[in-house]
Every structure is written in structure tokens, then in C-alpha cells.
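Grab the model, open your viewer and work through these exercises in order. Each one sets a task and then walks through a solution.

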Amino acid sequence: MSAKADAVFKKFEEVGIIPVVVLNDAKDAKPLGEALMEGGLPAAEVTFRTAAAEESIRIMAENFPDMLVGAGTVLTIEQVDRAVAAGAKFIVAPGFDEEIVKYCLEKDIPVCPGTQTASEMMAAVKLGLTHVKFFPAENAGGLKMIKAITAALTSLKVMPTGGINAENVVEYLKSDKIFCCGGSWMVKGDMIKAGDFEGIKAKVAEAAEIVKANR
């Protein structure tokens, strides 16, 4: 792992819970960034599912240089390039795509591909990765599955995403196999759409307290 990737994944560990954000309008990027920073989770995985994702990453990266802003749901190399050009500091994919992983490693772009099976995690280790996403976490067996697979792959740290919420995140955070969790419960789309950034900040602060209490 490069020094750059090492620094990014250390930051993931420090933050503990990475807000997974879907933005349909780039005008919401700055107030959302403020809510995340002030609430105590200075990070965002902005999903590349919407037309506003690229500009949202750019706005967050420019306005909050200390925030760990990256792109999620990245499906192509072209999206990697666009995300990084916009200021993304890391790339997250929903599944394991060897082409994307190799491209990111060649360009020294921190990458966290989605995995669900021992075979996918072994493929990640083979390429030199030490950190992977486990998705969709709850549907794919949750912490029991992660512990079972990583018992054999001892060098691997995991970021569960999918079905994580305020009720079940604690058991994940307490495991030494988990370097952070991805979640969207504190940045729900209807709250963003309604412009309820104070409400989001409150939920982010609650999540930040959960991390402090369990790390």
C-alpha cells in the first residue's frame, strides 16, 4: 500500500463512519459538507449515481479541504478519471472490478472495491489491497460472514456498507476486522431534499458519538 493510500485509510479509521451521500442537486453539496464537518464526521462518499455527483465532489473538495471526499458507486475507469479530476481523494466500487482496481493502483488512487465472497477478497489481496468494502453487508451475512472470511485472510480490513444503521453499527465498530463503516442513515435523501441540514448535523453528531464510545 502506498503512503498516500495508507494516509487515506488511516483517516477512514479515525472518522469511523463514512456518510454515503446521494446528491441530486449540486447546490446541496456545500450545506451538506458544513453539516458533516460541524457534526463531527468530516468525510463523504458521494455516489456517482446522479448527474450532480461530479460537481458535488468538486464543491465539497474546494470548500472543505480537510474533508475526506471521495466517489462511490464507481463503475468505469472514465468515472474514476472524472471523480479524481473533481477532487475525489478515494474511489469506492460496489463490486470487485479488476480493471478499475489495477488502474487506481497504477495511478496511486486509493481504492476500496466491493467484495462479498472469499474469492473476491482473495483477488483483492492478490493485487496488494489491504482494505475492501463488504457490500451489501447485512444482506450478505453481516459481521459473522466478515469474521469467517477474514479469519483466513488476516491482512484484510473491511468496510461494511449496506443495511448499516444506528442500531447495528456498534457491533461492527467493535470488531478489529472493521476499519470503518459506510452508512446513509444520517444523510437521508428526503432530509437533503427538504434542506434539513440542521437535522442532518444532529444525526451526524449522534453517529460521531457512537464512534467515540466504541472505538
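**Exercise 1. A salt bridge in a helix**

Start with Lys201: work out its exposure class, then find its salt-bridge partner and say where the two residues sit.

Solution. Keep in mind that this is a predicted model.
- Step one: Lys201 has a relative accessibility of 22%, and the partly exposed class runs from 20% to 50%, so Lys201 counts as partly exposed.
- Step two: the side chain of Lys201 meets that of Glu198 in a salt bridge, 3.9 Å from N to O.
- Step three: both residues belong to helix α10 (residues 197-214), where they are three residues apart, about one turn of the helix.
- Step four: Glu198 is exposed, with a relative accessible area of 58%.
- Step five: follow the links outward, and you get a network of salt bridges made of Glu38, Glu198 and Lys201.

**Exercise 2. A second pair in α10**

Find the salt-bridge partner of Glu209 and say how the two are spaced along the helix.

Solution.
- Step one: the partner is Lys212, with the closest N and O atoms 3.6 Å apart.
- Step two: Glu209 and Lys212 are three residues apart in helix α10, so about one helical turn separates them.
- Step three: for exposure, Glu209 is partly exposed at a relative accessible area of 47%, while Lys212 is exposed at 63%.

**Exercise 3. The helix itself**

Check the length of α10 against what you'd expect, then list its buried residues and what they pack against.

Solution.
- Step one: α10 has 18 residues, and at 1.5 Å a residue these should span 26 Å.
- Step two: the C-alpha atoms at its ends are 26 Å apart, which agrees.
- Step three: the buried residues are Phe197, Gly199, Ile200, Val204, Ala207, Ala208, Ile210, Val211 and Asn214.
- Step four: these buried residues pack against α1 (3-15), β1 (17-21), α2 (29-39), α8 (169-173) and α9 (189-193).
- Step five: add Lys203, which is also in helix α10 and is partly exposed, with a relative accessible area of 31%. Neighbours within four places aside, Lys203 is in contact with Trp185, Met186 and Met191.

**Exercise 4. A pair across the chain**

Which residue forms a salt bridge with Glu45, and how many residues apart are the two?

Solution.
- Step one: Lys133 is the partner, and the closest N and O atoms are 4.0 Å apart.
- Step two: Glu45 is in strand β2 and Lys133 in strand β7 (residues 131-134), so to speak distant parts of the chain, 88 residues apart.
- Step three: are the two buried or exposed? Glu45 has a relative accessible area of 2% and is buried. Lys133, at 4%, is buried as well.
- Step four: place the pair in the wider count, which is ten salt bridges in the structure.

**Exercise 5. The largest pocket**

Describe the largest pocket by its volume and its lining.

Solution.
- Step one: the volume is about 260 Å³.
- Step two: 17 residues line the pocket, and the closest to its centre are Val20, Arg49, Phe135, Thr161 and Ser184.
- Step three: the elements giving two or more residues to the lining are β2 (43-47) and β9 (181-183).
- Step four: sort the lining by type, and you get six nonpolar, eight polar and three charged residues.

**Exercise 6. Backbone oddities**

Where does the backbone depart from the usual pattern? Look for a cis peptide bond and for positive phi values.

Solution.
- Step one: recall that most residues other than glycine have a negative phi, and most peptide bonds are trans.
- Step two: the peptide bond from Phe135 to Pro136 is cis, with omega near -10°. Pro136 lies in the loop between β7 and α7.
- Step three: Thr73 is not a glycine, yet has a positive phi of about 55°. Thr73 sits in the loop between β3 (68-72) and α4 (77-86) and is buried, with a relative accessible area of 17%.
- Step four: Asp108, not a glycine either, has a positive phi of about 55°. The loop between α5 (98-106) and β5 (111-112) holds Asp108, which is partly exposed at 32%.

How values were computed: Residues numbered from 1 in each chain as written. Predicted model: local features only at pLDDT ≥ 70, side-chain atom pairs only at ≥ 80, totals over all residues. Heavy atoms only, no water. 1 Å grid on protein atoms, 1.4 Å probe; cavity = no way out; pocket = protein on both sides within 12 Å on 5 of 7 lines; lining within 4 Å. Points joined across faces, edges and corners; volume = space filled by probe spheres on them. Helix = DSSP H or I, 4+ residues; strand = E, 2+ residues; numbered from the N terminus. Nonpolar A, V, L, I, M, F, W, Y, C, P; charged D, E, K, R; others polar. Buried < 20%, exposed > 50% of the residue type's maximum accessible area, 1.4 Å probe, protein only. Expected span 1.5 Å × (residues − 1). Contact = heavy atoms within 4.5 Å.
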